[in-house]
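Trainee: Could you pick one part of this model and take me through it slowly? I'd like to see how it sits in the rest.

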Amino acid sequence: MNFELNEEQQMLADTVERLVRNTYSFEQREVFYQSPRGYSPEFWRQLSELGITSVPIAAEYEGFGGTGVENMLVMKELGRGLCLEPYLHSQIYAAGLVEQLGSAEQRQSILPAVAAGERLLTVADEEAGSHYHPEAIECQAVPCERGWRLSGHKRVVIGGELAHIILVTARMSDGEGVSLFLLDPAAEGVSRTGYPCIDGPRACDLALADVYVEADSLLGPAGKAAPALAYQRGRAVAAQCAEAVGSMEEAFRLTLDYLKTRQQFGSPIGRFQALQHRMAEMRGELELARSMTILAACVADDPDSESRSRRLAAAKFTVARASQLIAEQSVQLHGGIGMTWEYSLAHHAKRLVMLTHQFGDDDFHLGQYSALLEVPRQASQQVA
Amino acid sequence: MDIHFTPEELAFRSEVRAFLEQNLPAGLAEKVRLGRRLAKEDHQRWQKILNQKGWYAVNWPEEYGGTGWSVVQKHIFDEECAAAGAPRLVAFGVNMVAPVIIKFGTQTQKDYYLPRILRSEDWWCQGYSEPGAGSDLASLKTRAERDGDHYLVNGQKTWTTLGQHANRIFCLVRTDPSAKKQEGISFLLIDMDTPGITVRPIITLDGEHEVNEVFFDNVRVPVENLVGEENKGWTCAKYLLTHERTGQAGIGQSKAALAHLKQIASAETVAGQPRIDDPLFRARIAELEMRLMAVEMSTLRILAATRDGGVPGAESSLLKIQGSEIRQAITDLMRKALGPNALPFLEPELEPDFHGEPLYQDYSASPASQYFNLRKLSIYGGSNEIQKNIIAKLVLEL
């Protein structure tokens, strides 16, 4: 049992931390947010120059071959800086699906360019009625000569306006199960409606009107993408927990500073016990979130198992609850100033709450865990 | 980063488990599992079994008869003991006064008291709280006045856990009333048989006689029973508190309790359906189990950080709060799992020597009583509110 970072990991964390601190001031972020792309291509270029975009990608595809722990270190800093780039969706979730399901040719043609930060990926797996259940979709793939025709509507595809390839989930018209297709967004019949999300990053809806995709655009076996989707969503959940912890740490830091400086009734408001106890409670929940984020990072790349699924669900549940608590209470403890667009805290609050709307909220993961609850005569003896 | 125990630690776990299988009396484990009250003899029996193996004084330095285990081993040991249904050790002697004597006591005190603790010849209780000194412990008033080679002790202690079993009490007493609050306090070892001591039971809301009031009326205590320097008792008190708080998260206890909760929830049925299959109730159990997992991970992080003998800092305050709340929440669900069957107050069924036919099931009598008894967890050892004050002051620097 060891919770220390090794030298290489510490360097990675420091590198990302420094880069984010230097290029992602809150004022800069606002400029990126207002720009047409809604993120900073320059920051992305720097991430790629430093090899950060390659961290989650396996070494055989010119990646760094990082584990859940390396992903955690990167995501935590991106969370602290409220970064708008689709790192999680492209480098971790979508690239993970390509790596797990893709043919050797697909992997070789896609992943090195993703690792280099030259190509962006994303996943279109949510629909009007799916709500974190990737199998509850209606989008259809109809076989045609030398390929398929895709029809349906996808929602809230994070980074979908910029992605060079979108991984689209669809049901086979002639069979069971969910399949994944590699979609070129420029293909005929694809229309994208872009918008910013309330917490900053841009997304789009995707309308697919009888879109032709070639035979080799099928990712993995037809109708059998569900286990890979579940597995990679687990990796995404682990990474997202880290992003939330970075943001929580920053929101907590800002709030603590504020309590020490804001004067009312002739003293810093942090002298008041009601506020002290609330901060102590928030600190406690933050600590649990950190612990579960570490656990999630350590099991994210384990082979699929009920134990892995339970731990990842527990991590997201814990982090989602902590995120909402810290978001709400940070705003409350700041008072009016915490409500303003011009103060970064408000954006952390939004990010922390809305993070839970991707890859499942606390209730969703409570349900997942509950379904996997062990009901033997003796409860599980150990975490590790 | 690695969340796994080492092969040596896993081997140690197996060794502990095997020892417990062979040496923990089944009847005793059953009493613990069912939440029965334990007799003095139950505790002493288990202490002696542990001592025979050399596993009783796990927190002592090796030269005094300790085990030399790492904090991780101690954690594993606690967890296995709790899972097997071993009685929770009464801490006052072996884990509270002993470390103070080892750290601050004279050679004569060490030579006399430590072996007696190891052999379960002495039962210690704690004379800290007073009617007017609870969370504000340093405001304690029990006086010890020097009278030749004795102290003359007058005053009252309260919430003295299992004082009715004790032949010795360690007390914080005021030796210098003119000094500032924390100064002027001394740490005294007192023989309960000394004339002038009266012990009166306090019956708690669950009907149990677990705590007492202890009155001191001109009690003569030899000066050689002073531990450390006169008026420096607060140093001993603080040192002891760090020992008291370590392990207060009670992960092992909570895991065992959660396992018992699942058993109850599987056995109790509503319209033929086990309670645990009711989605709402099941989700409540799931929620607790996830929280316990999170507190366990935090505990392991602190253990790993203090593995080389460091004293856990204010993080232990967080764990005390979270651990006690979970433990309370588990008994809350146990009680709820029983529905109306939790209502009958069946004191005889809670007694250590109960061998009759239970009114309902063997597990039915205890949960409601336990639920009320365990309200103490967030009150004692520095109330959870005091812990939050500590976090605010020491961690957040507010």
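Mentor: Helices (H or I, at least four residues) and strands (E, at least two) are DSSP runs numbered from the N terminus. This is a predicted model: local features need pLDDT of at least 70, side-chain atom pairs count only at pLDDT 80 or more, and totals for chains, interfaces and linings use all residues. Residues are numbered from 1 along each chain as its sequence is written, while chains are lettered from A and ligands numbered from 1 in the order written.

Let's zoom in on Asp210(A). You'll find Asp210(A) in strand E7 of chain A, which covers residues 202-214. Its backbone is a bit of an oddity: phi is positive, about 55 degrees, even though Asp210(A) is not a glycine. Is Asp210(A) buried or exposed? Asp210(A) counts as exposed because it has 12 C-beta neighbours inside 10 Å (buried takes 20 or more other C-beta atoms within 10 Å, exposed 12 or fewer, partly exposed in between, with C-beta placed from the backbone).

Now hop over to chain B for a companion case. Glu397(B) also isn't a glycine, and has a positive phi of about 55 degrees. Glu397(B) sits in the segment after H13 of chain B. Glu397(B) is exposed because just 9 other C-beta atoms fall within 10 Å.

Back to chain A, and to the wider setting. Its domain assignment (automatic or from a database) gives domain 1 (7-119), domain 2 (122-219) and domain 3 (226-371). Taken over C-alpha atoms, the centres of domain 2 of chain A and domain 3 of chain A are 30 Å apart. Where those two meet, domain 2 of chain A puts in 10 residues and domain 3 of chain A nine (a contact is two backbone-placed C-beta atoms within 7 Å). The domain 2 side of that contact in chain A has five nonpolar, two polar and three charged residues (Ala, Val, Leu, Ile, Met, Phe, Trp, Tyr, Cys and Pro are nonpolar, Asp, Glu, Lys and Arg charged, the others, Gly among them, polar).

For a contrast with that exposed aspartate, look at Val319(A), in helix H9 (residues 306-334) of chain A. Val319(A) is buried because 33 other C-beta atoms lie within 10 Å. Leaving out residues up to four places away in sequence, Val319(A) touches Cys241(A), Ala244(A), Val245(A), Ala289(A), Met292(A) and Thr293(A). Ser191(A) is 128 residues away from Val319(A) along the chain, and 35 Å separate their C-alpha atoms. Helix H7(A) is mostly covered too, with 27 of its 36 residues buried.

And how do the two chains meet? In all, 39 residues of chain B are in contact with 36 residues of chain A. On the chain B side, helices H4 (71-84), H8 (251-267), H9 (279-305), H10 (315-337) and H13 (384-395) each supply at least two residues. H9(B) gives the most to the side of chain B that touches chain A, with 15 residues. By class, that chain B side splits into 25 nonpolar, five polar and nine charged residues.

Chain B has its own domains as well: domain 1 (7-89), domain 2 (124-234) and domain 3 (246-395). Between the C-alpha centres of domain 1 of chain B and domain 2 of chain B there are 30 Å.
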